[in-house]
Amino acid sequence: MTDTNVSENKNTFNIPEVIPILPLNNVLVFPKTMIPLEVSGAASALVDEAMTKDRLVGLIMAKKDPETANAFAKDELHAVGTCAVILKMAKTAENHTQLLLQGVSRFSIEEIINDKPYQQARIKLIEEKEVKDIETEALMANLLSLFDRILKLSPFLPPEFGPMAKSITEAGTLADLITSIINAPVEEKQKVLDIADVKKRLKELTRMVNHQMEVLELGNKIQTKVKDDIDKSQREYYLRQQLKAIRQELGESDENAVETEEYRKKIEEKDLPEEAKKEALRELDRLSRMNPSSAEYTVSSTYLDWITTLPWHEATTDNLDIALARKILDEDHYGLAKPKKRIIEYLAVRKLKPDSKGPILCFVGPPGTGKTSLGHSIARSLGRKFWRIALGGVRDEAEIRGHRRTYIGALPGRIIQGLRRAESNNPVFMLDEIDKLGSDFRGDPSSALLEVLDPQQNNTFTDHYLDVPFDLSKVLFIATANMLDTIPPALLDRLEVIELTGYTQEEKMKIAQKYLIPRQLKENGLTASQFKLTPGALSAVITGYTREAGVRNLEREIANACRGVAAQIAEGSITSKTLTEKDISKYLGAVRVPTDIDARITKPGIAIGLAWTPVGGDMLFIEATAMKGKKGLTLTGQLGDVMKESVAAAMSFIRTNARELGVDPDFFEERDIHIHVPAGATPKDGPSAGVTMLTALTSLLTGRKVKKKLAMTGEITLRGAVLPVGGIKDKVLAAYRAGIKTIILPAWNKKDIDDIPANVQKGVTFHFVGDMMDVLKIALEPAKEKAAGKAIRKPAKKKVIKTGNARPVVKKTRNLQNRKVSKR
């Protein structure tokens, strides 16, 4: 006989027809089970409203991650969920809510309702009928037996679950409890939740529990086998120790003893320093007592390999022939007088004082100026080994100092590794891109370099792996960088900075003819008779297809032309080619770099400034315009705070000296001014554009255009003083490449002209000024007749235009223009 009744758990709560639903990801809640949950965002609003009403929410598993979607259609949710009541709620930081929920009843969704910030659903409760018969009792008994075995095989499940399961008399509740406890995939658990019929649910759960039982038994079997293997290893160790004792009795030597003697011989032959020898012998003593199969044996033998292969006393003989060294440097690089002079000085000192310590040089300059290749050339001229370490992006201090031997797979740092590969203790070490070192929780590599790059300390450099001092004082360290701003001050203080500025067009021509073209001919399989580039064509490539301080892009364009000719020769259409200026566009395409800057200076309010960047100097166009408004000032072009302050200082200076400049003092009352710096995608900052800002504004307000082929740089003050700025050489070279003929510089920067090549000084007229009035005299075109009337002024109805007051202003402006301009 079958006894059936309906569970009363739904009647305990008055579950409405429409309830808020909370989609879950890989989480299931069964009726009469409790679960902690944390929600945030829109779900927090759902919880708040539920707490004010009946505390009921619908929990249902979504078929995709709820965090990737705000709303779900009915078919994006599983068919059956659980209506749950919120037992406890606690608010945490950052709009998160912690909940304790208890399942009440199964439900299915009839309709999704989207009329609130969260989703609601019209639901249909699934009636659960409890069936009590012999088959059900048998299924329950079998399930409890299997569950008890699972608890014994699963150390992570508390044994209290067994008595708790046995105390449950309702078959459906027992099935839900065991399903929520066992370690089964959530999709399998959802199948149990979907089944309303209790018998079918028990049978499905029995299948799942049996599968879980097989997995646990197999895992237990594997664990037992591993334990047996460990016992076997211990037994082998015991037998090996017995075998070792037997060999000793017979007077036989084993492989371990042979290897130990080899290391001992290496240590004696290497003539290690006292501290290194002491550490090596101590490690060798440990090695002799170890079993070769142990992990520590490998660690110790690796350490002895390192310490006995380092060049403690091995060194190359320096080439002290200064004439030969100068010849090698000149063969490899054109120009670069400063670094060449410093290397020759080092050689001279080494010749007079052989035990002198090596300098710590730092070559700073734009990309493509030959910093890294110069290191190769220096090593060749000295007759030393060369080793390069790329420091760009290095964030781990252990990259420099090495790892301690307590770590698995520990190795020395890059300094010691480089010395081992160089096989000498006096190589040329190139620390490339030292300005791009990083630092994070793993350490600060720049701090580790403080000892490496200090001639007073690096004779006792201690790598964490070796743990003994190594003398680095004989190493010639050369660092390279694009800029100095990112190098920590303490590290920069240890470096002897040598600046490598950009090349002029004449220098690029000679570099291309002497180095770049022959190299590209060789790399592309061409001969000098098959490919020729006329000087005019080469000049067109430099000016029309590259805008750089170095020659890297120039070589790339020459390679493009070589490949084009090589393709034609391979096809058989030509046998040789001499590229002229007219042929360049056929191989390289249309001109990419505009050369006519005069076309941009067509109206008042436009001036050219000079800027410094990590890749060399550059031109900076400042544009100003005015429109009807009320004292507004708009700045565009991604300007930094310092540039914005320069604009404010320029505006204040013009308003203070309005009458002397020929500007209506009341002009600003009914006008807005807009200043824009093109190349808006590039951030810009710095004080050196101050004179350019003031010149552009004065040009706009007086109606006088800025002279053509004129550029300027300098910082300004409210009193009109022009202050010095940096990067003069890079800026001047950039202006020269762009065809600028006149440059205005601060008087304080006159000393920097000595570093500029003589041909550039001849091709450019320099004006050194200390006051903004002098800048305006030089930069602006002379005022034409009635120029003041043409300048932007207030509407003619204002009385100030009709009175005679304007005449002295015009007269002052004319006198200002006609003064004699002093030139260099």
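Select helix α24, residues 728-737, in this predicted model. Buried here are I728, D730, K731, V732, L733, A734, A735 and Y736. Because eight of the ten residues are buried, the helix is largely enclosed by the rest of the structure. To see what encloses α24, add the elements that its buried residues pack against: α17 (505-523), β18 (606-613), β19 (616-628), β25 (742-746), α25 (758-763) and β26 (765-769). Then step just past the end of α24 to G739, where phi is positive, at about 95°.

Next, select I743 and M772. These two have the most contacts inside the largest nonpolar core, which has 66 residues. Keep M772 and display what it touches: F653, V691, L694, T695, I716, G720 and V722, leaving aside residues up to four places away in sequence.

Now go to strand β4, residues 56-61. Which way do its side chains point? L56, G58 and I60 point one way from β4, while V57, L59 and M61 point the other way. Six of the six residues are buried, so β4 is largely enclosed by the rest of the structure, as α24 was.

Add the strands paired with β4. Strand β2 runs parallel to β4 and is joined to it by four bridges; to find one of them, select L24, whose bridge partner in β4 is M61. Strand β5, residues 80-92, runs antiparallel to β4 and is also joined to it by four bridges. Here V57 stands opposite A84 of β5.

Stay with β2, residues 18-24, and bring in β7, residues 120-125; the two run antiparallel, with three bridges between them. One pair to pick out is P20 with its bridge partner Q120 in β7. From β7, move to β6, residues 96-113, which is antiparallel to β7 and joined to it by six bridges. I109 stands opposite I123 in β7. Follow the chain from β6 into β7 and you pass through the six residues of a hairpin.

Two backbone stops come next. Most residues other than glycine have a negative phi. Select K32, in the loop between β2 and β3 (34-40). K32 is not a glycine, yet its phi is positive, at about 70°. Its relative accessibility is 35%, so K32 counts as partly exposed. Then select E433, in the loop between β11 (428-432) and α15 (445-452). E433 also has a positive phi without being a glycine, with a value near 60°. At 25% relative accessibility, E433 is partly exposed too.

For a pair distant in sequence, select E274 and V468. They are 194 residues apart along the sequence, but their C-alpha atoms are 9.9 Å apart in space. E274 lies in helix α8, residues 274-288. Is E274 buried or exposed? Its relative accessibility is 66%, so E274 counts as exposed.

The last stop is on the surface. Select L218, I222 and V226, which form a nonpolar patch with about 270 Å² of accessible area together. I222 belongs to helix α6, residues 198-250. An α-helix has 3.6 residues a turn, so residues three or four places apart point the same way. I222 has a relative accessible area of 49%, which makes it partly exposed, because the exposed class begins over 50%.

Technical notes
Residues numbered from 1 in each chain as written. Predicted model: local features only at pLDDT ≥ 70, side-chain atom pairs only at ≥ 80, totals over all residues. Heavy atoms only, no water. Patch = residues over 30% accessible without salt bridge, like charges linked within 9 Å, V, L, I, M, F, W, Y side chains within 5 Å. Areas by Shrake-Rupley, 256 points an atom, 1.4 Å probe, with all protein chains shown as cover. Salt bridge = Lys/Arg side-chain N within 4 Å of Asp/Glu carboxyl O. Buried < 20%, exposed > 50% of the residue type's maximum accessible area, 1.4 Å probe, protein only. Pairing = 2+ DSSP bridges. Core = buried A, V, L, I, M, F, W, Y, C linked by side-chain atoms within 4.5 Å. Contact = heavy atoms within 4.5 Å.
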